[in-house]
Amino acid sequence: MSEEAIAAVEQFNTSLAEQGEIRWDLIDPDVDVVDYDIPDAGSYHGHAGVGKWLEDWGAAWESWEVGPAELIDAGDVVVAIFTMIAQGKGSGASATRRNATVNTVRNGMISRIDYYTTEEEARAAAGLAAATES
């Protein structure tokens, strides 16, 4: 994967995590998002789909924040592993977990995002070995 692709994923994640804003200039208008976290979510298409995906995902949470992402060059894709901290809507229950996305970048724009609940699932989807504890 090129430095340009890694930079696109990094800028997208940083903008979302730090400002809560989507960098539309980094998202292909024909992007596909597949979320393996939301039950029965299926997939989302295009810029409107990205907005709907984030709306659907956020519906369960009173508040949420994303920690900085660790980026892994996985050849054809970039894996982003990050900490998600959220408080449940209504229940107030808090959750902290490491989630991950597998991002396909074409022509400097993210053209596909696969969202996983665990780092292990994302690594497997990208054809990477499991992370080792040090």
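Trainee: Why is Tyr36 called partly exposed?

Mentor: Its relative accessible area is 44%. Buried would need under 20% and exposed over 50%, so Tyr36 falls in between and counts as partly exposed. Keep in mind that this is a predicted model.

Trainee: And what makes Tyr116 buried?

Mentor: Tyr116 has a relative accessible area of 10%. The cut-off for buried is under 20%, so Tyr116 qualifies.

Trainee: How do you know that Tyr36 and Tyr116 are stacked?

Mentor: Take the two values in turn. The ring centres are 4.7 Å apart, and a pair needs centres within 6.5 Å. The planes make an angle of 10°, and under 30 degrees counts as stacked. So Tyr36 and Tyr116 are a stacked aromatic pair. Tyr36 sits in the loop between strand S1 (27-35) and strand S2 (43-45), while Tyr116 is in strand S7, so the pair ties together parts that are 80 residues apart in sequence.

Trainee: How many aromatic pairs are there, and which residues do ring pairs link into a cluster?

Mentor: The structure has six aromatic pairs. Ring pairs join Trp53, Trp57, Trp61, Trp64, Phe82 and Tyr115 into a cluster.

Trainee: Back to that loop between S1 and S2. What makes Arg97 and Asp37 a salt bridge?

Mentor: Their side chains meet at 2.6 Å, N to O. The limit is within 4 Å, so the pair counts. Arg97 belongs to strand S6 and Asp37 to the loop between S1 and S2, so this contact ties together parts that are 60 residues apart in sequence. Arg97 itself is partly exposed, at 24% relative accessibility.

Trainee: How do you know that Lys52 and Glu55 form a salt bridge too?

Mentor: Their N to O distance is 4.0 Å, and the rule asks for within 4 Å, so the pair is included. Lys52 and Glu55 are three residues apart in helix H2, which means about one helical turn separates them.

Trainee: Why is Glu55 exposed but Lys52 partly exposed?

Mentor: Glu55 has a relative accessible area of 52%, and exposed means over 50%. Lys52 comes to 40%, so Lys52 stays in the partly exposed class.

Trainee: What makes Glu119 and Arg98 a salt bridge?

Mentor: The distance is 3.1 Å, N to O, against a limit of within 4 Å. Glu119 is buried at 9% relative accessible area, whereas Arg98 is partly exposed at 39%. Glu70, Arg98, Glu119 and Arg123 are linked in a network of salt bridges. The total for the structure is eight salt bridges.

Trainee: On to the interior. How many cavities of 30 Å³ or more are there, and which residues are closest to the centre of the largest cavity?

Mentor: The count is one, with a volume of about 190 Å³ for the largest cavity. Of its 16 lining residues, Asn13, Leu16, Trp53, Phe82 and Tyr115 are the closest to the centre. Trp53, Phe82 and Tyr115 also appear in the aromatic cluster.

Trainee: Which element gives the largest share of that lining?

Mentor: H1 does, with four residues. Helix H1 (3-19) and helix H2 (46-58) are among the elements that each supply at least two lining residues.

Trainee: What classes of residue make up the lining of the largest cavity?

Mentor: It has 13 nonpolar, three polar and no charged residues. Trp, Phe, Tyr and Leu count as nonpolar, so Leu16, Trp53, Phe82 and Tyr115 belong to the nonpolar class.

Technical notes. Residues are numbered from 1 along each chain as its sequence is written. This is a predicted model: local features need pLDDT of at least 70, side-chain atom pairs count only at pLDDT 80 or more; totals for chains, interfaces and linings use all residues. Side-chain values use heavy atoms; hydrogens and water are left out. On a 1 Å grid over the protein atoms alone, a cavity is a set of points where a 1.4 Å probe fits but cannot get out, and a pocket is an open set with protein on both sides within 12 Å along at least five of seven lines; lining residues have an atom within 4 Å of a point. Grid points are joined across faces, edges and corners, and a volume is the space filled by probe spheres set on the points. Rings of Phe, Tyr and Trp (its six-membered ring) pair if their centres lie within 6.5 Å; planes under 30 degrees apart count as stacked, over 60 as edge-to-face and the rest as tilted. Buried means under 20% relative accessible area, exposed over 50%, partly exposed in between (1.4 Å probe, protein chains only).
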